[in-house]
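The following exercises are to be worked through with the sequence and the 3D structure at hand. Each task is followed by a solution in steps.

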Amino acid sequence: MNILKKYKFAVVLAVAIGFGMTSCDDFLDRPTEDGYTTEQFYKSDAECRSGVNHLYGLPWSDLLDSYFYSLENAAGNQYQGGDAFTLLSIQSTNTNLGKMVAANWRAIAEINITYNKVKGASASEAMKNSCMGEALTWKGLAYFNLVRMLGPIPIIHDTESEISGGTYNDKYRVESADVYEYIIMTLEKAIELLPESSEPGRIDCFSAKGLLAKVYLAKSGLGQSGSRNQADLDMAASLAKDVIDNSGRELMENYEDIFRASNNFNQESLLAWHWYGSENPWGVGNQLQAIFAMGGFTNTLSWGDWSVPTIDLQEAFGVDILQNPEERLNKDTRRKATMMLAGDKYPYFWRNVGGFDYLKFLYDKEYNPDAKESLSSGTGANAVKHLVGNDEDHKAELGYVGLKQATGLSTHVLRLADVYLIYAEAKIGNNGSSSDASVIDAFHAVHHRAVSADWEAPSSVSWEDVWKERRLELAYEGDRWFDFVRLSYYDPQRAINELKSQKRSYYNGLDELYKTYWETGKWTVKPESMQYDTNPPVLGVTEGVFRFPMPEGDVVFNPNLLKDPIHVDVRAEYTY
């Protein structure tokens, strides 16, 4: 890592921007333009609270146009022809890989600095503990991201001491098992410090417990062959059950409501990045709408016409792209909340003109002056998650108009539904399936919300049931690739086989099909010309694909990153 460059930038940024907010009560309030210095700050409980606010958004900004975008490509949920992540041919020089890695190191730097400042603050112990716990929860997430992407990585426990000691570019990678132990140690301390409840949208101890359950579920397969470590599975199940039973969190009744900006602080969300629709400073706004929305969908620039849901994801939802929209069953409400297809309409988008109509948007210039009168998507679908809509929609949801490439829609990093599925999978463990009532209840709570027709709970739940449910529940939330990574820890061939079997390419003839239907009302399929790519790219998937290469720029500044990782007794080496 070029730690010196990244971490000095982080120090300046944290002092100049991150510590100052216009209000101490609402961490979504816009950051002040002049900021504060640390000497002026941390004199009260309110300033401590405000001092950690920036950790809920700004450091993670660069993940938005790489993490969700590229990892969904890698997982086979999103198609973008020729993209290295779509083809699973990621090189150390890949720009998005570099941004993903750098964003997490940036977050760690800011977290370390903020943690130390709060620790030395002249505020109440209760407030200091809560704020330090929030910082450590985010730190656990950043290391969890990095170890799942890169495998062995360096541990930067205290940024300022690394810089002052001049050791920033001499670090060795640490074995993955030790990194996981460091994450667990960090989250355990966060749980110890955090209160059982906090203001809406803020981290509490159950946020950290939910994340720790996810960490244990991933770690359970590390270094294993064919089965997982039972003690880790038991810890994942115990932590998840604690969250389910005692956090006070509840699943939202309607799945699509989770992703409306007016529900940014919904009770299903355990951990979220919160944004403000502004470009001042750059990075405080959510950029995902610009990335996933079609050109013309918003009042500002967007370019999501060609980065679209795969045929494979559509088929996982039970969709046949050639089926007449009037005959499509749409049993699973998550499908429409995740992707739009011919025939779909959305009352919460373009509400100032009576709602959004997908085909009308594509082909009717009176309705959409920017209509291309053609379908750009190679799979016949476009993304829905992470979209707010036009200016009027943003104002209706949040009370103000978002700016170019910036909305105020929160990004939910960990939801209660995820924790339900973590519990079910951990309890199933190495058995393949379970008829335990608590497992069935957890699985059915998630599934039944989305597929109300399946009102009767199953008699048992299998690993395959949970595996598929996770994909449908969390599609386009940056999670599926990490599911493949943790599967590869103990059963790499199974992960390889599924990736190779996916339909990750385009479909021919869909524009003709859609346009004819729009103009005539007749759904006319021509099998000879309307078919899946007859020569899709062959993925060269090996075990090595589940560990991305260390970015070239980091290796240039620290050649030690190419050396074998070292063992570190993290609990003896580091303390909080």
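**Exercise 1: The surroundings of N266**

Leaving aside neighbours within four places in sequence, N266 is in contact with M252, I258 and H412. The model examined here is a predicted one.

Task. Determine where N266 is found, whether N266 is buried or exposed, and which polar contacts its side chain makes.

Solution.
1. Locate the residue: N266 is found in the loop between helix 9 and strand 2.
2. Apply the cut-off for burial, which is under 20% relative accessible area. The relative accessibility of N266 is 8%, so this residue counts as buried.
3. Examine the side chain. A polar atom of the N266 side chain lies 2.9 Å from the backbone nitrogen of E268. The side chains of N266 and H412 are joined by a polar contact of 3.5 Å.

**Exercise 2: The length and covering of helix 8**

Task. Compare the expected span of helix 8 (residues 205–219) with the distance between its end C-alpha atoms, and state how many of its residues are buried.

Solution.
1. Helix 8 has 15 residues, and at 1.5 Å a residue the helix should span 21 Å.
2. The end C-alpha atoms of helix 8 are 21 Å apart, which agrees with the expected span.
3. Helix 8 is mostly covered, since 15 of its 15 residues are buried.
4. The N-terminal end of helix 8 is capped by D204, of which a side-chain oxygen lies 2.9 Å from the backbone nitrogen of F206.

**Exercise 3: Helix 9 from start to end**

Task. Describe the start of helix 9, its length, its buried residues and the residue G248 that follows.

Solution.
1. At the start of helix 9, a side-chain oxygen of N229 comes within 3.1 Å of the backbone nitrogen of A231.
2. Helix 9 (residues 230–246) consists of 17 residues; from its first C-alpha to its last it reaches 24 Å, close to the 24 Å expected.
3. The buried residues in helix 9 include D232, L233, A236, A237, L239, A240, V243 and I244.
4. A general rule helps in reading such a list: an α-helix has 3.6 residues a turn, so residues three or four places apart point the same way.
5. Among the elements that cover the buried residues of helix 9 are helix 8, strand 2 (269–273) and helix 15.
6. After helix 9 comes G248, which has a positive phi near 80°.

**Exercise 4: A pair of helices**

Task. Describe how helix 15 (residues 416–428) and helix 17 (residues 463–474) are arranged.

Solution.
1. Two packed helices are described by the angle between their axes and the distance between the axes.
2. The axes of helix 15 and helix 17 come within 10 Å and cross at roughly 165°.
3. Angles over 145 degrees count as roughly antiparallel. Helix 15 and helix 17 are therefore roughly antiparallel to each other.
4. The crossing of the two helices is left-handed.
5. The residues that meet include A417, D418 and L421 of helix 15, and W463, V466 and E469 of helix 17.

**Exercise 5: Two further loop residues**

Task. Establish in which loops Q287 and N324 are found, and what their side chains reach.

Solution.
1. Q287 is found in the loop between strand 2 and helix 10 (288–292). With a relative accessible area of 6%, Q287 is buried.
2. The side chain of Q287 makes a polar contact of 2.7 Å with the side chain of S61.
3. N324 has its place in the loop between helix 11 (311–316) and helix 12 (333–338). At 15% relative accessibility, N324 counts as buried.
4. The side chain of N324 reaches the backbone nitrogen of E326 at 2.9 Å.

Conventions: Residues are numbered from 1 along each chain as its sequence is written. This is a predicted model: local features need pLDDT of at least 70, side-chain atom pairs count only at pLDDT 80 or more; totals for chains, interfaces and linings use all residues. Side-chain values use heavy atoms; hydrogens and water are left out. Helices (H or I, at least four residues) and strands (E, at least two) are DSSP runs, numbered from the N terminus. The expected span of a helix is 1.5 Å times one less than its number of residues. Buried means under 20% relative accessible area, exposed over 50%, partly exposed in between (1.4 Å probe, protein chains only). A polar contact is a pair of N or O atoms within 3.5 Å; within protein, one must be able to donate a hydrogen and the other to accept it, and residues adjacent in sequence count only if both atoms are side-chain atoms. Axes are lines fitted to C-alpha atoms, for helices over the stretch in contact, and angles run from 0 to 180 degrees between N-to-C directions. Angles under 35 degrees count as roughly parallel, over 145 as roughly antiparallel, 65 to 115 as roughly perpendicular and the rest as oblique. A crossing is left-handed if the near helix is turned anticlockwise from the far one by less than a right angle, and right-handed if clockwise. Contact means heavy atoms within 4.5 Å.
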